Structure formats: structure tokens, C-alpha cells
Amino acid sequence: MFFAILNKINNQLMNDHSLTEAPIKSLIKKIATPVAIGFFFNTMFNVVDTYFGGQISTQALAALSLSFPVFFLIVIFDSGTSTGTTALLANIIGEKDTPKAQKYVGQVLSFGIIISVVTTVLGLLLAPSIFRLLGAEGEYLSIALSYMNVIFWGSVFFMMISVTNSILQAIGKTAPYRNFLIAGFLLNCILDPWFLYGGFGLPAMGFQGIALATVVVQFLGCIYIFSEAVKTRLITKETFKHLMPQWKAMKEILSQALPASINMATIGVGIFVITYFISEFGQDAVAAYGIATRIEQISLLPTIGITIAALSIIGQNNGAKKYSRVQEAYRLCLKYGIIAMAIGAVVMFMVRKPLMAFFTENEKVQAIGNHYLVFACFTFIAYALLFVSVSALQGIKRPMYAIWIGLYRQIVAPSIVFYALVKIFHLGIDGIWWGVLGVTWSAAIITVIYAKSVLRKKVA
């Protein structure tokens with residue numbers, strides 16, 4: 001009875017080829033707007049965590065910032081799997097092959113469970129060593145581990161949200177994830193202080209309570225997003241027959257997900273690299289960078305929405321072999337990304353000081369963060385060019401480029417440039433900010449040139 005109901009829900013969904021037929025401009029707005037709104041609340045979710053971490057101590061705030069490179073072990077697999085499976089499913093849907101799509105959804109769900117187990121094990125084993133490498137010892141190390149160990153035990157919920165949401169993104173349905181992120185933010189505003197300070201029968205959990213609040217929100221979100229995914233004809237009784245891993249399907253999923261995951265891994269290593277150099281300037285510098293990057297993420301939200309729109313639209317049209325629409329989608333997404341980031345840079349420059357002051361009363365932390373955000377404003381357009389171009393390449397099933405540009409932008413160039421500017425030219429922490437600016441722009445220019453060249457061959 002259950003599966004019979006599922007089969008009747010949204011019967012027209014797979015026959016609705018709006019991503020391959022509707023005007024590109026309206027599609028970008030339809031897909032990108034919910035994503036941008038949703039990720040605004042996702043960023044605010046992190047802002048709430050940062051705020052309550054700051055209420056404990058500057059050391060707790062620094063520990064939260066220090067957790068970023070380790071937390072990326074989860075983000076690496078989650079985001080990479082989501083991006084890869086969205087691109088793969090979008091192409092299959094564009095081919096109008098419903099049985100194949102249903103089969104691959106089943107394989108994707110299995111893939112997500114396997115990867116979440118790997119993430120948990122690796123995270124619990126590697127976190128202490130990574131924290132020590134970043135200079136954490138004693139109480140500083142204990143605080144960071146108390147947060148991350150809880151997060152890793154709940155990593156299965158992060159992954160299953162990413163996997164089921166990729167199914168929705170492949171058909172351009174981004175509103176459910178927006179709804180989850182809004183509700184998750186509101187719930188986190190309640191759970192963070194409750195778990196942190198205790199009350200209503202719960203003991204005070206301290207910094208560990210902030211992590212537990214995050215896991216609870218992810219658990220509830222996992223239930224909601226999956227319930228939305230089963231409303232599509234992509235999940236039917238036939239789908240559940242394909243949960244047993246099949247090598248051929250897994251290999252194809254890996255061919256898309258692995259490059260995207262490796263690209264995300266380079267970002268994680270990149271955060272490690274920059275945190276390593278910043279940590280030489282003390283805990284205040286680490287705390288300032290952690291706050292500032294959360295503020296920076298708010299302005300980058302429109303680009304995330306446009307990037308998802310580019311991936312979904314280009315993926316389906318590439319599968320349908322409508323290459324002129326692929327080209328048009330890329331051009332328009334670049335245009336909108338540049339406009340959005342130009343506006344975001346101006347706004348961020350104007351409000352950076354009160355935002356830093358909101359999170360910490362430490363004047364030294366405020367000064368370092370404000371100075372970084374000045375440099376960050378000049379990288380916003382570069383991020384738009386870079387993210388949209390990489391997304392377009394993933395949409396046409398060219399995921400390998402993301403690895404090479406990720407290695408360049410996150411690891412190789414920063415390691416050389418930061419060392420030169422800080423150690424040789426003695427520019428202090430400004431050397432790191434100048435390095436971020438130069439490396440990001442060079443990567444953006446290289447990527448746009450390459451993406452345009454590949455897409456031009458598609459149309460020719």
C-alpha cells in the first residue's frame with residue numbers, strides 16, 4: 001500500500017522536462033533563490049554556534065575555529081557525494097531514462113551509508129593528531145575533541161541529508177532543503193543555549209552541548225528531506241530493490257563523486273594550511289579568522305544558489321544534448337554571479353565592523369577580523385567566476401578539472417605564497433591575506449578560460 005501511494009505521487013514529475021525547455025533566466029531564479037535563502041540560514045546556524053562558543057571563552061571560540069579543518073572530513077564526503085550524484089542523476093533524467101534513474105537512486109542511498117561509516121571511523125581516528133598538529137594541547141585539545149567527537153558520531157545524518165537532497169536537486173527541487181535549513185536554524189537557537197547551560201531536566205553540557213544540538217537538528221532534517229525525496233517518482237518500490245551495491249553503478253557514482261570529494265578535500269587541506277600559518281600569530285588570530293570566515297560566507301550565499309542552479313540546469317540539458325542551452329545557462333549564471341558578488345562586496349565592506357563586534361568584545365580579535373574582511377571583499381567576484389565555472393564542468397560530466405584547480409588553489413599555491421610572503425618577505429599576517437587574494441583570482445581566471453574552451457567545443 002505504501003509503495004502504491006508513492007507511485008501515484010507526482011506522477012507528472014519525470015515527464016516534466018522544464019529544466020530542458022523553460023527559459024533559462026526563470027530556471028536560475030527558481031532554483032537559486034531557495035538555495036541562497038536556505039544557505040543564509042545554514043550560515044546563521046554556524047553563526048549561532050560561534051556566538052555561544054564565544055560566550056564560553058576565547059579559547060572555546062578558537063577551538064571551534066580549529067575544528068574547521070577536521071569538520072571538513074564530513075563536508076568532503078557529503079558535499080562531494082551530493083555534487084557528483086546531482087550531476088549524474090541530472091544527466092540521466094535529461095536522457096529521460098526513468099528506470100535507470102530509479103536504479104541509481106537506490107545505489108546512491110547505499111553509497112551514502114557506506115561513506116558515512118568511513119567518515120565516522122576516519123574522523124575519530126585522525127582528529128586528535130590533526131588538532132595536535134595545529135598546536136592544540138591540554139584543555140585546548142580537550143575542548144576541540146569534545147565538540148568534534150559528537151559531530152563524527154552523527155555524521156550518518158549529515159550524509160543522508162546530502163544524498164537525498166541531491167535527488168531533489170537533480171530535478172531542480174530546492175525548496176525542501178531551504179525549509180530544513182530555516183527550521184534547523186530556528187531549532188538551533190533553542191537547543192544551543194538549552195544544551196549548553198542545561199535546564200528542563202537536562203544537565204549543563206558545556207561546549208559539547210553545541211555539537212549535540214547540531215546532531216539533533218541533522219537527525220530531524222534527515223527524516224524530513226527523505227520524506228520529501230520519496231514523494232518523487234525517483235523513489236519507488238523498484239528503487240529499494242537496488243539498494244544492494246552493484247559494482248558498475250558504484251563505479252559510475254564514484255567517477256562523479258570522487259573528483260568532487262577530492263576537490264572538497266583540497267578545501268579542507270587548504271583550511272588546514274591557512275590555519276597553520278595563522279596559528280603562528282596566536283589564538284586571537286585563529287579566533288578572528290573563524291569569525292570572519294563565517295561572516296564572509298553570508299555574502300557568498302547568492303553564488304552558492306547560482307552554482308547549484310548551474311549544476312542542475314547544465315546537467316539535464318547536457319543529458320538531453322541541448323548544448324546551446326548549456327552555453328546559455330553558463331553565460332547567465334556567470335553574469336548573475338558577478339552582479340551578486342559585486343553587491344555583496346560593497347555591503348560586506350560597510351557592515352564588517354559591527355558584525356565582528358557582535359561576536360566578540362576582544363578588540364584585538366575584532367581588528368584582525370576586520371582587516372581580513374577588507375581583503376575578502378576583493379575576492380568575491382573571483383569566487384563567483386570560479387564556483388560557477390567548476391559547477392558547469394561538473395554538469396557536463398567533466399569532474400576531474402575540479403581536482404587540479406583545487407590542488408592549485410588550496411594547497412600548492414598557498415603553501416608557496418604564504419611561506420614566501422610571511423617567512424621571506426616578512427609581511428606578517430597581511431602576507432596571508434594578500435596570498436588568498438592573489439591565488440583566488442589566478443585560479444578564477446584560469447578556470448573561466450578553460451570552461452569556455454570546453455563548452456565552446458560542445459556547441460561547435
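Visitor: In which helix is the place of Thr266?
Guide: Happy to show you, and please keep in mind that this is a predicted model. Look along residues 247-279, a stretch that includes Thr266. That stretch is helix α11.

Visitor: Does Thr266 count as buried or exposed?
Guide: The relative accessibility of Thr266 is 2%. Buried means under 20%, so at 2% Thr266 counts as buried.

Visitor: Which residue has its backbone oxygen 2.4 Å from a polar atom of the side chain of Thr266?
Guide: Start from the side chain of Thr266 and pick out its polar atom. At 2.4 Å from that atom lies a backbone oxygen, and the residue it belongs to is Asn263.

Visitor: Which residues does Thr266 touch, not counting those up to four places away in sequence?
Guide: Leaving out residues up to four places away sets Asn263 and other such residues aside. What Thr266 then touches is Ile403, Gly406, Leu407, Gln410 and Ile411.

Visitor: Let's step back. How many helices and strands are there in the protein chain?
Guide: Both kinds of element can be counted along the protein chain. The strand count is zero, and the helix count is 17.

Visitor: Why is the protein chain said to be as compact as a globular protein of that length?
Guide: For 460 residues, the globule rule gives 23 Å. The radius of gyration of the protein chain is close to that, so the chain is as compact as a globular protein of that length. Its value is 22 Å.

Visitor: What share of the residues of the protein chain count as buried?
Guide: Thr266 is one residue that counts as buried. Of the 460 residues of the protein chain, the buried share is 57%.

Definitions and conventions
Residues are numbered from 1 along each chain as its sequence is written. This is a predicted model: local features need pLDDT of at least 70, side-chain atom pairs count only at pLDDT 80 or more; totals for chains, interfaces and linings use all residues. Side-chain values use heavy atoms; hydrogens and water are left out. Helices (H or I, at least four residues) and strands (E, at least two) are DSSP runs, numbered from the N terminus. Buried means under 20% relative accessible area, exposed over 50%, partly exposed in between (1.4 Å probe, protein chains only). A polar contact is a pair of N or O atoms within 3.5 Å; within protein, one must be able to donate a hydrogen and the other to accept it, and residues adjacent in sequence count only if both atoms are side-chain atoms. Contact means heavy atoms within 4.5 Å. The radius of gyration is taken over C-alpha atoms; the globule rule is 2.2 Å times the number of residues to the power 0.38.
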